[in-house]
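Please open the model in a viewer and keep the sequence panel visible. The tour proceeds by selections, each followed by an account of what is found there.

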Amino acid sequence: MATVKVDNNNFKADVLDAASPVVVDFWAEWCGPCKMIGPSLEEIATELAGKVKIAKLNIDENPELAAQFGVRSIPTLMIFKGGEVADMKVGALPKTALSHWINGAVA
C-alpha cells in the first residue's frame with residue numbers, strides 16, 4: 001500500500017477516526033528535505049501495510065490543518081493513534097531511522 005493523500009475533506013475520516021495508527025507527513029512541493037524522505041515513506045508504507053497507514057498532507061493546500069497541529073517547519077511527521085498525536089519528528093531522517101521510529105510507535 002502506498003502513501004495516501006489527506007486534506008481538509010478526509011483528514012477526520014482517514015486520520016483521526018482510523019482504526020490503526022496513521023503517520024502524517026506534513027510537507028510542501030517546494031521543500032527539498034520533504035522530497036528526500038518521500039521515497040522512503042513510500043517504501044515503509046508498503047512494508048508496513050496493514051499495520052500503519054502513511055498519509056501526506058500538503059501544508060500549502062491545507063494551512064488550517066498545519067496551524068491546528070502547530071507545524072512550524074517541514075517535514076514534520078506525526079503519528080496519530082486513536083485520534084490523538086502519539087509522537088512527532090521534525091526534519092528529514094534516513095529511511096532506517098524513519099522505519100525504526102514508526103515501528104517503535106506502532107508496536
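**The largest nonpolar core**

Begin by selecting Phe11, Val24, Phe26, Leu57 and Ile74: these residues have the most contacts inside the largest nonpolar core, which has 21 residues. Next, colour α1 (11–16), β2 (22–27), β3 (53–58), α3 (63–68) and β4 (76–81), each of which supplies at least two residues of this core. The largest share, four residues, comes from β2. The coordinates on display are those of a predicted model.

Now centre the view on leucine 57. Not counting residues up to four places away in sequence, Leu57 touches Val6, Asp7, Phe11, Val24, Asp25, Phe26, Trp27, Asn62 and Leu65. Apart from the core just shown lies another, of 15 residues; select Val52, Ile54, Ile79 and Leu98, which are among them.

**The aromatic pairs**

How many aromatic pairs does a search of the whole structure find? The search finds four. Display phenylalanine 11 and phenylalanine 80, whose aromatic pair is edge-to-face, with 5.7 Å centre to centre and 85 degrees between the planes. Phenylalanine 11 belongs to helix α1 and phenylalanine 80 to strand β4, so this pair ties together parts that are 69 residues apart in sequence. Phenylalanine 11 is buried, with a relative accessible area of 3%, and phenylalanine 80 also counts as buried, at 1% relative accessibility.

Continue with phenylalanine 26 and phenylalanine 69. Their ring centres are 6.4 Å apart and their planes stand at 50 degrees, so the pair is tilted. This pair links distant parts of the chain, with phenylalanine 26 in strand β2 and phenylalanine 69 in the loop between α3 and β4, 43 residues apart. Phenylalanine 26 and phenylalanine 69 are both buried. Select Phe11, Phe26, Phe69 and Phe80 together to see one aromatic cluster.

**Lysine 56 and tryptophan 27**

Move to strand β3 and select lysine 56. Is this lysine buried or exposed? Lysine 56 is buried, with a relative accessible area of 16%. The charged end of lysine 56 sits over the ring of tryptophan 27, 5.0 Å from the centre of that ring. Leaving aside neighbours within four places in sequence, lysine 56 is in contact with Thr3, Val4, Lys5, Val6, Asp25, Trp27 and Gly38.

**Helix α4**

Select residues 95–106, which make up helix α4. The helix has twelve residues and reaches 16 Å from its first C-alpha to its last, close to the 16 Å expected at 1.5 Å a residue. Show the side chains of Leu98, Ser99, Trp101, Ile102, Ala105 and Val106, which are buried in α4. Then look down the axis of α4: the buried residues fall within an arc of 165 degrees, so they line one face of the helix. On the other side of α4, Thr96, His100 and Gly104 are exposed.

Against which elements do the buried residues of α4 pack? They pack against β2, α2 (32–47), β3, β4 and β5 (84–90).

Within helix α4, pick isoleucine 102. This residue counts as buried, at 0% relative accessibility. Leaving aside neighbours within four places in sequence, isoleucine 102 is in contact with Val23, Ile44, Leu48, Val52, Ile54 and Ile79. To gain a sense of scale, draw a distance from the C-alpha of isoleucine 102 to that of glutamate 29: they are 23 Å apart in space and 73 residues apart in sequence.

**Two stops in the loops**

Select isoleucine 74 and proline 75, which are joined by a cis peptide bond with omega of about 0 degrees. Most peptide bonds, by contrast, are trans. Proline 75 is found in the loop between α3 and β4.

For the last stop, select glycine 83, in the loop between β4 and β5. Glycine 83 is partly exposed, with a relative accessible area of 22%. Add serine 20 to the selection: the C-alpha atoms of glycine 83 and serine 20 are separated by 10.0 Å, although the two residues are 63 residues apart along the chain.

Technical notes: Residues are numbered from 1 along each chain as its sequence is written. This is a predicted model: local features need pLDDT of at least 70, side-chain atom pairs count only at pLDDT 80 or more; totals for chains, interfaces and linings use all residues. Side-chain values use heavy atoms; hydrogens and water are left out. A nonpolar core is a set of buried Ala, Val, Leu, Ile, Met, Phe, Trp, Tyr and Cys residues joined through side-chain atoms within 4.5 Å. Buried means under 20% relative accessible area, exposed over 50%, partly exposed in between (1.4 Å probe, protein chains only). Contact means heavy atoms within 4.5 Å. Rings of Phe, Tyr and Trp (its six-membered ring) pair if their centres lie within 6.5 Å; planes under 30 degrees apart count as stacked, over 60 as edge-to-face and the rest as tilted. A charge sits over a ring if NZ of Lys or CZ of Arg is within 6 Å of the ring centre and within 35 degrees of the ring normal. The expected span of a helix is 1.5 Å times one less than its number of residues. The arc is that of the directions from the helix axis to the C-beta atoms.
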